[in-house]
Amino acid sequence: MKDYLSEMRSFAAVIENGGFTQAAKVLGVSKGLISQHVKRLESELGAQLLFRSTRKVEPTEIGTTFLEYCQNITQSANAAFEAVEALRGEPVGTVRITVPVSFGEMFLDDIIVAFQRTHPRIQIEMELENTFRDLQSAHIDIAIRAGLTNDPEQVAIPLGQLSELVCASPVYWAKHPKPETPADLANHNCLLNFQYYKDGNWVFFSDDGAQSVPAIGNLRLNHYPLLRNAAIRGLGVARLPRYVALPAISEGLLETALDGYSSPLRPIYLVYPYQANLPVKNRLMIDFIRNWFIERPDLLETRTGSLRQSRSS
């Protein structure tokens, strides 16, 4: 049997990139060559692989089955070259990462800078988004997520748990006495992240159990750094993740309240699709991110036995 690796790579690229033109750009070859490759495969298989129209290209039933094998063999070929490069001390390739927006803004820029100083030939593509995407169909190598999906094809490494602090500026506290109990928040302007608190309530835990109180105020956002900035400007009381609040607290821009109460914990995971042969570039990035958080235990809760309070987002 002839070697059809190039043809299989081209066919997979057509499906993954939505057409011949974009596939040609990604692979750096002509559109005509991509078309020849697909025709050659169809001739060899004696079956149509694609439905073509003026608007889109879709795989036939046979094409869908064949696509999985094309992707597997292409990934294996890429992994083989990357493994050899790694043995030579020169890991190469592109790692695609997706992270929640505020999380990426606070952490991933530092991580990427530090990582690329060590591995300058590895390219990083990072998407900031707050929605769960199917990693395999989106061709994403690594995701950082608050909570998990029930996907058995994914590997999840716990990084810690996200806890929150009740904060406001010293100027705000000078005008409004700090609350002594969660119920006292009724006398304050609460700045709410409506993405994580859709019911408008903040839950607190203490030795007396759980307590839910309404977070009523005149500003509702879905972006923690903006809520932090609003709190710094004295607009009200915000409930912020530790990693967002701590830098401002250390600079004296924010002060905490209700320190005797704890927040629900959201587990943070590093997630990646299971592969029998994980590419070296992916393994390097996964280990780097995990070790980065191990060295900074103040940013995420790492207490054991706290998952009973956790909730997925």
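The following paragraphs describe the overall form, the aromatic pairs and some local features of a predicted protein model.

Residues are numbered from 1 along each chain as its sequence is written, and side-chain values rest on heavy atoms, with hydrogens and water left out. Because the model is predicted, local features are reported at pLDDT of at least 70 and side-chain atom pairs only at pLDDT 80 or more, whereas totals for chains, interfaces and linings use all residues.

The protein contains 9 helices and 14 strands, these being DSSP runs numbered from the N terminus, with helices (H or I) of at least four residues and strands (E) of at least two. Its radius of gyration is 25 Å, well over the 20 Å that the globule rule gives for 313 residues, so the protein is more spread out than a compact globule; the radius is taken over C-alpha atoms, and the rule is 2.2 Å times the number of residues to the power 0.38. Along the principal axes, the C-alpha atoms fill a box of roughly 80 × 45 × 35 Å. Of the 313 residues, 45% are buried, where buried means under 20% relative accessible area, exposed means over 50%, and partly exposed lies in between (1.4 Å probe, protein chains only). The accessible surface comes to about 16,500 Å², of which 51% belongs to carbon and sulfur atoms, as computed by the Shrake-Rupley method with a 1.4 Å probe. Among contacts (heavy atoms within 4.5 Å) between residues at least 6 apart in sequence, 74% join residues at least 24 apart.

Aromatic rings form 8 pairs in the model, a pair being two rings of Phe, Tyr or Trp (its six-membered ring) with centres within 6.5 Å, whose planes count as stacked under 30 degrees, edge-to-face over 60 and tilted for the rest. One of these pairs, F115 and F288, is edge-to-face, with 5.4 Å from centre to centre and 80 degrees between the planes. This pair links distant parts of the chain, since F115 belongs to helix α5 (residues 101-118) and F288 to helix α9 (residues 280-294), 173 residues apart. F115 is buried, with a relative accessible area of 0%, while F288 is partly exposed at 23%. An edge-to-face arrangement is also found for Y172 and W173, at 5.6 Å centre to centre and 75 degrees between the planes, and both of these residues are buried. In addition, F103, Y243, W292 and F293 form one aromatic cluster.

W173 is also among the residues in contact with E255, which, apart from neighbours within four places in sequence, touches V166, C167, A168, P170, W173 and K178. E255 lies in strand β13 (residues 255-257) and is partly exposed, with a relative accessible area of 32%. Although E255 and L165 are 90 residues apart in sequence, their C-alpha atoms are 9.5 Å apart in space.

Backbone angles mark two further positions. Most residues other than glycine have a negative phi. L258, which is not a glycine, nevertheless has a positive phi of about 55 degrees; L258 is placed in the loop between β13 and β14 (266-273) and counts as buried at 7% relative accessibility. A positive phi of about 85 degrees is taken by G234, just after α7, and the buried residues of helix α7 (residues 224-232) are Y224, P225, L227, R228, A230 and A231.
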